[in-house]
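Let's take a walk through a protein together. Have the picture ready and turn it around as you read.

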Amino acid sequence: MDWIISDELGLTVGHVVGWGAAGAMIIGGIAPYIPQYRQIKRTQDAEGFSLYVCLALLIANTLRILFWFGKRYELPLLIQSIVMNITMFIMIHLCVTVRKKNQIIRARERIFTGAIFMLYILLCCVNGSAQPDETARWLDQRTDVSGSEKPRRFYDMDRKYFWAWTDFQSYVDCMLVFSVFGAAVTYLLIEFSPFVELIGFLAVFTEAMLGAPQIAKNLQNKSTEGMSLSMVVMWTCGDIFKTAYFVIREAPTQFWVCGGLQVALDIVILFQVWLYRHNTAAARRTRRGD
């Protein structure tokens, strides 16, 4: 039986522990990115951190928010998703700013105009006046930049520039398109239970795979230089706590199964830290000019 702390409020140890766990779920999700943010800010080098980690978390948490409307789960998990999306946009803003500063030769602008393009096409279809030439001219006006070079446009279908844009607004626009499209489909199929369950699975599976881009980045560099070890350690501790929380609180099955997968990927990254320790040390000495 819970100990009564306050007869007047009916506050018990169970309540305090529950609130503490809920607060840890909300704040604990963003805590691992604080050391990574500080490291990028201090070194002015964002090359060791994969922005696809941010993409995975933005998609996962947006899907989790949509899942809440179809199958209500605990409110702290919903709040965590909103807070995490804000955190990821802060990380993206920092990385884009740092990469622009580090450009020795000004590179060609690459921006996402999918949101503008879709909006214009929609308006043209509604008005029955969609003209390809007019569309192209209108987009050129909206995406023009100073100088003689035109920006690289998303509707050129050049996939290698996806999620590698040179301005922060492009990332916001991309997620806006995804969110609006996802919300529209969810609204139409909200009564179809298999679809709702699929959203829940995709949400937690995408989040579980967020370590995969960082693993690929480390493999490509043969080093973990630029990646915060503190971030990965906190990832691991947080994911273990989160998975246990899912099991204890009897969250939907998708949550705790994919939580276990996420812990496994964290362990792989920690193994990479050990495997590439000599390369990482050499890269640090080179950066310091030793």
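What follows is a short tour with a few stops along the chain. Keep in mind that you're looking at a predicted model.

Let's begin with the record. An unreviewed UniProt entry lists several spans under "transmembrane region", including residues 75–98 and 175–205. Try finding those two in the picture. Residues 75–98 are 100% helix with 0% strand, and the C-alpha atoms at the two ends sit 35 Å apart. Now look at residues 175–205: here the span is 90% helix and 0% strand, with end C-alpha atoms 18 Å apart.

What lies between α7 and α8? A loop connects α7 (168–189) and α8 (193–208), and F192 lies in that loop. F192 is partly exposed because its relative accessible area, 47%, falls between the 20% and 50% cut-offs. F192 also has company: together with Y187, L188 and L189, F192 makes a nonpolar surface patch of about 500 Å².

Next, head over to helix α10, where you'll find W235. Is W235 buried or exposed? With a relative accessible area of just 4%, W235 is buried, because buried means under 20%. Which residues does W235 touch, if we skip neighbours within four places in sequence? Contacts turn up with P32, Y33, V53, L210, G211, D266 and I269. W235 and G28 are 207 residues apart along the chain, yet their C-alpha atoms are separated by 9.1 Å. That's a nice reminder to check the 3D picture as well as the sequence.

Back up a little along the chain and you reach T224, in the loop between α9 (211–221) and α10 (229–248). You might guess that a loop residue would stick out, but T224 is buried, with a relative accessible area of 4%. Leaving out residues up to four places away in sequence, T224 touches N218, Q272, V273, Y276 and T280.

Last stop: the cysteines. How many disulfides does the structure hold? The count is zero. Take C95 and ask why the sulfur of C95 has no bond to another cysteine sulfur. The closest cysteine sulfur belongs to C54 and is 6.1 Å away, which is too far, because a disulfide needs the two sulfur atoms within 2.5 Å. C95 is buried too, at 0% relative accessibility. Another cysteine, C174, also counts as buried, at 10% relative accessibility.

Note on methods:
Residues numbered from 1 in each chain as written. Predicted model: local features only at pLDDT ≥ 70, side-chain atom pairs only at ≥ 80, totals over all residues. Heavy atoms only, no water. Helix = DSSP H or I, 4+ residues; strand = E, 2+ residues; numbered from the N terminus. Buried < 20%, exposed > 50% of the residue type's maximum accessible area, 1.4 Å probe, protein only. Contact = heavy atoms within 4.5 Å. Patch = residues over 30% accessible without salt bridge, like charges linked within 9 Å, V, L, I, M, F, W, Y side chains within 5 Å. Areas by Shrake-Rupley, 256 points an atom, 1.4 Å probe, with all protein chains shown as cover. Salt bridge = Lys/Arg side-chain N within 4 Å of Asp/Glu carboxyl O. UniProt positions renumbered as here; feature names shortened; annotations may be inferred.
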